[in-house]
Amino acid sequence: GCGRSSDSADSSPSGQGESGGKLRIAVIPKGTSHEFWKSVHFGAQKAAEELGNVEIEWRGPLVESDTGSQIEVVKNMITKQVDGIVLAPNQKGGLVDAVQEAIDESIPVVIFDSGLDEGPEIVSYVATDNFKGGQMAADAMAEAIGEKGNVILLRYIAGSESTEQREKGFLDGLKNYPDITVVESEQRGGDNATMSKEKVDQLLQIHGESLAGIFAVCEPNANGTLEALRNAGLNGKVKFIAFDPSDALIAALDDGSCSGIVVQDPVEMGYRSVMTLVGSINGKAAEPFISTGEYLITKENMNEEKEKSLLHPEIVE
Amino acid sequence: MSEVASRESNSSQWWRLLGKLQLGPLIALAVIVAFFYIADGYWGSGNFLSDYSIRMNLNAAALIAVPAMGMTMIIIAGGIDLSAGTALTLCGTILAVGLKTGPDAADGTMYLFGLLALVIAAGCACGAANGLLITGTNVVPFIVTLGTMTIFLGIGQIISSESTVYAPTEKLPQWLRYLCYTGSVGSRYLMNGIMIPTSVLISIALALLVSGMLNLTVFGRNTLAVGSNESTARLCGINVPATKLLVYSLAGVFTAIGGVLYFANIKNGNPTDGSGKELEIIAAVVLGGGSLSGGRGSVLGTILGALIITTIRSGCTQLSIPNTYSQIVIGAIIIIAVIVDQLRHGSPEWLFRMIRR
Amino acid sequence: MSEVASRESNSSQWWRLLGKLQLGPLIALAVIVAFFYIADGYWGSGNFLSDYSIRMNLNAAALIAVPAMGMTMIIIAGGIDLSAGTALTLCGTILAVGLKTGPDAADGTMYLFGLLALVIAAGCACGAANGLLITGTNVVPFIVTLGTMTIFLGIGQIISSESTVYAPTEKLPQWLRYLCYTGSVGSRYLMNGIMIPTSVLISIALALLVSGMLNLTVFGRNTLAVGSNESTARLCGINVPATKLLVYSLAGVFTAIGGVLYFANIKNGNPTDGSGKELEIIAAVVLGGGSLSGGRGSVLGTILGALIITTIRSGCTQLSIPNTYSQIVIGAIIIIAVIVDQLRHGSPEWLFRMIRR
Amino acid sequence: MSVTDLRKRFGPTHALRGVTLSAYSGRVLALIGENGAGKSTLLKTISGAHQADSGQMQIEGHLYAPSGPHAARHSGVAMIYQELNLAPDLSIEDNILLGQKGTGGGLLIRSRQRDIVRRALDQVGLRHLSPSDNTGQQSLASRQLIEVARALASDAKLILLDEPTSSLPKADVARLFEIVRRLKQQGLAIIYISHFLEEVREIADDYAVLRDGESVGSGRLDKIDDSQIVSLMVGRDVDDLFPNVPHTPGSERVRLTNLSGAPYPQQVSVTLRRGEIFGVAGLVGAGRTELLRTIFGLDYLREGKVHVDGKSIPHRVRARMRAGFGLLSEDRKGEGLAQDLSITENITLGNTRRYAKAGIINLSARRTDSQRWAWKVEVKSHSVDQSVSELSGGNQQKVALARILQQDAEVLLLDEPTKGIDVGTKAEIYRMMGELAAEGKTIVFVSSYLPELLAVCDRIAVMARGSMVEVRNADDWTQEEVMAAATETQT
Ligand SMILES: Nc1ncnc2c1ncn2[C@@H]1O[C@H](COP(=O)(O)OP(=O)(O)OP(=O)(O)O)[C@@H](O)[C@H]1O
Ligand SMILES: Nc1ncnc2c1ncn2[C@@H]1O[C@H](COP(=O)(O)OP(=O)(O)OP(=O)(O)O)[C@@H](O)[C@H]1O
Ligand SMILES: O[C@H]1[C@H](O)[C@H](O)OC[C@H]1O
Ligand SMILES: [Mg+2]
Ligand SMILES: [Mg+2]
């Protein structure tokens, strides 16, 4: 279809994309209120520009726990008869039917960032290995605290697949270090920094003196944890491992308040997803799983080329 | 009195008729649909009123409308229920857990019926708990249900072990699996070939039921009286606590049915999904002309209110209005729609005074 | 009729005094603290009432109490403000963006003052927008602020470009940096060595201000009258719209100050953080004896309400009660605290009748 | 103060269609008219609560067009409304000073204002109340007096009183008149609405009569007699103000034994017969309202029993209703009526079941029936679908009365049923009560207006401090004796 583009705004709307027109690809993130997704957006945009005849339709629910809205977005994209969908499902089971519905309407789907349950014949799955990321965090923690001591795992909200993988991976990774005790792994930081800070404030209250390390599994939790550590004057003393970067965390890495950040490559994720999808539309076969990698960044390597770009991934606008 | 009656001007009759037909919300909805249709024609994909789009929209509206019918009753009775959202997902979660741990669908028809009964009973119990606390302690509904809101959330999390409960496809009977189906395979609909989502059919049936109950039964009139002036109701011999208790319990049943739809829509139960839903449900009622001070509200209006919400949402998506701006658009339209609705009550007065001048 | 007065038993005088001192919420708080203290001594780390813990708790309460003071005024005036949460994070986000893009703290005192003025003005504008819509259109506050809630969220997201805005430390002046500091370095507090978090000092100052305003000024009395009986207020010549507008605008100022605290607490601004905060703020007011039907509420009570909420939360964590159960505990305690508070108004009647027998 | 050709419409209802009248300093103008004639609307327009559609008002020769109550107060106009207007959560003091400027630039310095408040309370005879007490807990009569105190404290030049005596006992009425006379001497102009002609004669100098929103006559009161006023109001002659339908009390129906509440009533024992109108007199706060509410099962019962035809009836509203009781509340705004619901709804609320088969209501049968009752009590409205809040005070009262009739109550407990009802309609209500009694129904008639009790009742009981001090046949009482009995135990 010709759909929406700057030079054909007045052309009458028509159906499915044919040769000559631009391909419209919907990219649907888990949520739109974190930096991570803006890098994904950038990657997708970059792919579109390279390909030339592709237009990205960026849309997602506001918060990452809102499965109902995400389903509505998918269905709206089916209505718009886009030429393909790139989706990071909020729940691995919840989006199965919506994806199936898209495929039934002959719209191909690529899944990224978080897994989808078996069933629908998706083109490919493009993601970080989050379990492995969790294990890397465990190793980094062990190194930071000298392989012994008490640590806390601060969980994200319930029900998010990717972060659950990290939590599992972290606990699994610590099994290799018999002298490390997990003194608390049942508390959740919620999806905002204020709540995380309050939680960690209280946890430090209980375990403060005897604590060696703490791991926060994603950006908002890490931001709150960092503030709580600073507030208690324990930054640097209690070793802190984070997942996903933010300006605050990068500064913390620099001043020693944070010992390591496990990062993903969101730009690559967006880029590869769109590339794979368009390739498959044009008849190219795709790998069932494409890993975009996971990296540990510490004070030592933070200024190296690759690491620097991962810490400051490009974002749209 | 006949002289007096004849003095009744036509304009007032006209306004009253508007009131009965819920023309306020209806006009608001029509304007919104027209707006998006035209805008979509120019800037969008032109599919805003396609069959598929309409089905999708109706289904989304049904997900709000069903629990909102219970809320309509509560609001008419002068109450409010902030726990509706988490009670809804609690019910959905119970269903999910039940299905997951149960036998395959083919072997378990009895089990399934038992499970559904349990879900409905759970919703009813949530409502009854609210009702009992409100009538028994005299604490305002806002606070009671603010409290039960987090309690239901907590119970849901315990049941789900704090995560998303997914029931595999083979455990779901066909009808449940396709309860919210809006795709284009005709045979998946309840009435083979007639492509109206089952969720929508259910809403229509329930709406007729509730509407009849509110307008034509003694219980319905008592509900209205309780919401309009509780002391008057007491004076007229209406058993106020019993009426309220019944209203909340019945509303709980609708919440439970809403929970079943919620589950069928996403095939998951996650208790946290419900936080925030209550405001959406209440908004549907109020957009449909319900008054939070009680004594006013209608099921038809509520359905229109739900449609207004989902239409704006899907319209914004289909027009590719960025997320941020659609938040603003949604907020603004909610306020405007209620303003439109108020116009027929002659409010705000200063405006009418100005016009009359 | 003087006999009638003398018939008034002493017990009623006694209750009235309790009412003035907000003893309802005070007792509730005392019971909760005592409970957790004892429980913590047995099963916890025994730090529940340590200096550090108290500071931390007071700071958390201040974060709720400051915006809740504005909400107290609104609720006393018979209104409600669902947009308080997102307006608060909007203000916090504006501050974060302003600091991030501004000069270093050392060079920019003027800039900083301008920025703070802008943040306060923004909060005030949010409140005024609510006030204008409510008085100008006659739409109920619940709906107006439900609408502006998402509008403010949208504006915040535009300003923050839909993500978390972090302001680097060197851009923050000392006082802002340590506004919510609760650690043990004495020199970081406002009054060197006196280790009361600045946020708490600010709350106390504001509380005195609002309390005075409500009790000792004509405006305060008018606010109470508007909430207690709007038509009476109008007929007595009180400018009801102006009063409401002022109430909402002032409340907006408190929301803005709350936003500054929110930012200072986590050094980040994210507009979505605010969704849900409004219920917490409202709960503080109601726990403190505010009545959602207007005419009743007190700043002291609200502060106690905020303390109740944060005490329960931190108590549950320190006792290592899992998240799910603490949700249930919090919900239950909210309801129970309000029931306790109602007892002194002689409600529920059936209970008192039973006792009297 | 003068008003010329004032017009006001509410949708289809023309409340005022050309009213012209004048009020003078140092004189009291009585505003008289049937229910719904537009009296309250007129005063509300003058007080700024309503805006006129057309017409002119002048004060002291200057054009006067208040934009709201605020502006009216500024021009020295104060009004006491027909329905109570107090903020229940505020103290008495704050209510009295509501709308006034503070002392000291927006600040309230209470000690400086205490004097004004004390003086105002003294004047209305509420010396014993503490200004810091809560207003919501005061009795209806006290609240009415607090409103008067508010008007007194406002330093107005023109005071508008809309039926201020309808819930005041005799002693307080006398005190109120005392105040009015004093204000008159101070040169204030007063407009006074009342349905009691003898009150009007006692206090007013001039009169103005409204009918259907038009001025139909005005002048000096000493130049016109009562029957002329009545015929001006009603548009025809009314020969008998207290019509008496012959009825004879028969067998015993209701027996109250030791009925006691908390704190009122106290140990009330009495029997009521079929076909009897049983009057209850007493001062304000004597516990008459509480007696009726206890009989009806609404108020707390400490001890005692209610028997109907020898059967003890449980203390629950529904049980009492089933046994034939019906209560008309004295507080029609707060309790008696659901203001936002329609006339139909309000009339049928107590007995919707009547129109229902298997729980389903026949709506048209209900509407027709309610129409019949509305006609019967002569509710003035343009349709029974109109909401009650749009009716004039008197017409609202009629709707409340219609409900008791619709319920087919056998024992009618009427608390101040003629409150706010005009002379013509009052006569209708007395006639109706007589007819009901003749049908064998029992009526308990609580009223603070002794002439109607003495004229209409078979027996009259006097209550004081919650007890029934004496019951006699109506013929054996005189006004003075009733007053004496009511105050006896008080001293
Ligand atoms: N707010 C309103 N909306 C619609 N109609 C109204 C309203 N207020 C008054 N009316 C109508 O205006 C007419 C005059 O009413 P008003 O209250 O002035 O009568 P009134 O003379 O004071 O009667 P009463 O003696 O019963 O108090 C009535 O027919 C009434 O129904
Ligand atoms: N809501 C209330 N709160 C406190 N006291 C009340 C309340 N209502 C009535 N009372 C008191 O109860 C007593 C009995 O009042 P009640 O209204 O029964 O008297 P009444 O004889 O009917 O007087 P009225 O002529 O005012 O109707 C009075 O002393 C009154 O002050
Ligand atoms: O899936 C996760 C995502 O990869 C990023 O870390 O943000 C939080 C989660 O939603
Ligand atoms: Mg009147
Ligand atoms: Mg009485």
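**Exercise 1. Ligand 2**

Task: Find which chains ligand 2 lies between in this predicted model, then describe its surroundings.

Solution:
- Step 1. Place the ligand. Ligand 2 lies between chains C and D.
- Step 2. List its neighbours. The shell holds 13 residues, and the closest are Val284(D), Gly287(D), Arg288(D), Thr289(D) and Glu330(D).
- Step 3. Sort the shell. It divides into 4 nonpolar, 5 polar and 4 charged residues. Helix 9 of chain D contributes the most, with 3 residues.
- Step 4. Look for polar contacts to the backbone. A nitrogen atom of ligand 2 sits 3.1 Å from a backbone N or O atom of Gln137(D). Oxygen atoms of the ligand pair with polar backbone atoms of Ala286(D) at 3.1 Å and of Gly287(D) at 3.0 Å.
- Step 5. Check the cover. On its own, ligand 2 has 620 Å² of accessible area, and the protein covers 75% of it.

**Exercise 2. The magnesium ion**

Task: Name the residues that coordinate the magnesium ion (ligand 5). Then say why the pair ties together parts that are apart in sequence.

Solution:
- Step 1. Identify the donors. Thr289(D) uses OG1 and Glu330(D) uses OE, at 1.8 to 2.6 Å.
- Step 2. Locate each residue. Thr289(D) belongs to helix 9 (residues 288-295) of chain D, while Glu330(D) is in the loop between strand 16 (325-328) and helix 11 (332-336) of that chain.
- Step 3. Conclude. The two positions are 41 residues apart in sequence, so the pair ties those parts together.

**Exercise 3. Ligand 3**

Task: Describe the shell around ligand 3 and state how much of the ligand the protein buries.

Solution:
- Step 1. Pick out the shell. Among its residues are Lys30(A), Phe36(A), Trp37(A), Glu64(A) and Asp113(A). By class, the shell has 2 nonpolar, 2 polar and 5 charged residues.
- Step 2. Find polar side-chain atoms by oxygen atoms of the ligand. Asp244(A) has one at 2.4 Å. Arg166(A) has one at 3.0 Å. For Gln264(A), a side-chain N or O atom is at 3.1 Å.
- Step 3. Assess burial. Ligand 3 alone exposes 270 Å², and the protein buries 97% of that.
- Step 4. Map the elements. Helix 1 (35-51) and helix 5 (161-174) of chain A each give two or more residues.

**Exercise 4. The chains**

Task: Which pair of chains shares the most contacts, and what relates its members?

Solution:
- Step 1. Rank the pairs. Of the 5 pairs in contact, chains B and C share the most contacts. Chains A and D do not touch; their nearest C-alpha atoms are 37 Å apart.
- Step 2. Superpose. A turn of 180 degrees with a shift of 0.3 Å along the axis lays chain C on chain B, with an RMSD of 0.2 Å.
- Step 3. Name the relation. This is a two-fold axis.
- Step 4. Find the axis in chain C. The C-alpha of Gly276(C) is nearest, 3.8 Å from it.
- Step 5. Compare surfaces. The same surface serves both copies, as 98% of the contact residues of chain C recur in chain B.

Methods. Residues numbered from 1 in each chain as written. Chains lettered and ligands numbered in written order. Predicted model: local features only at pLDDT ≥ 70, side-chain atom pairs only at ≥ 80, totals over all residues. Heavy atoms only, no water. Donors = N, O, S within 2.8 Å, 3.2 Å for Na, K, Ca; no water. Helix = DSSP H or I, 4+ residues; strand = E, 2+ residues; numbered from the N terminus. Least-squares fit on C-alpha atoms with pLDDT ≥ 70 in both. Contact = heavy atoms within 4.5 Å. Near = heavy atom within 4 Å. Polar contact = N/O pair within 3.5 Å; in protein donor to acceptor, adjacent residues only side chain to side chain. Areas by Shrake-Rupley, 256 points an atom, 1.4 Å probe, with all protein chains shown as cover. Nonpolar A, V, L, I, M, F, W, Y, C, P; charged D, E, K, R; others polar.
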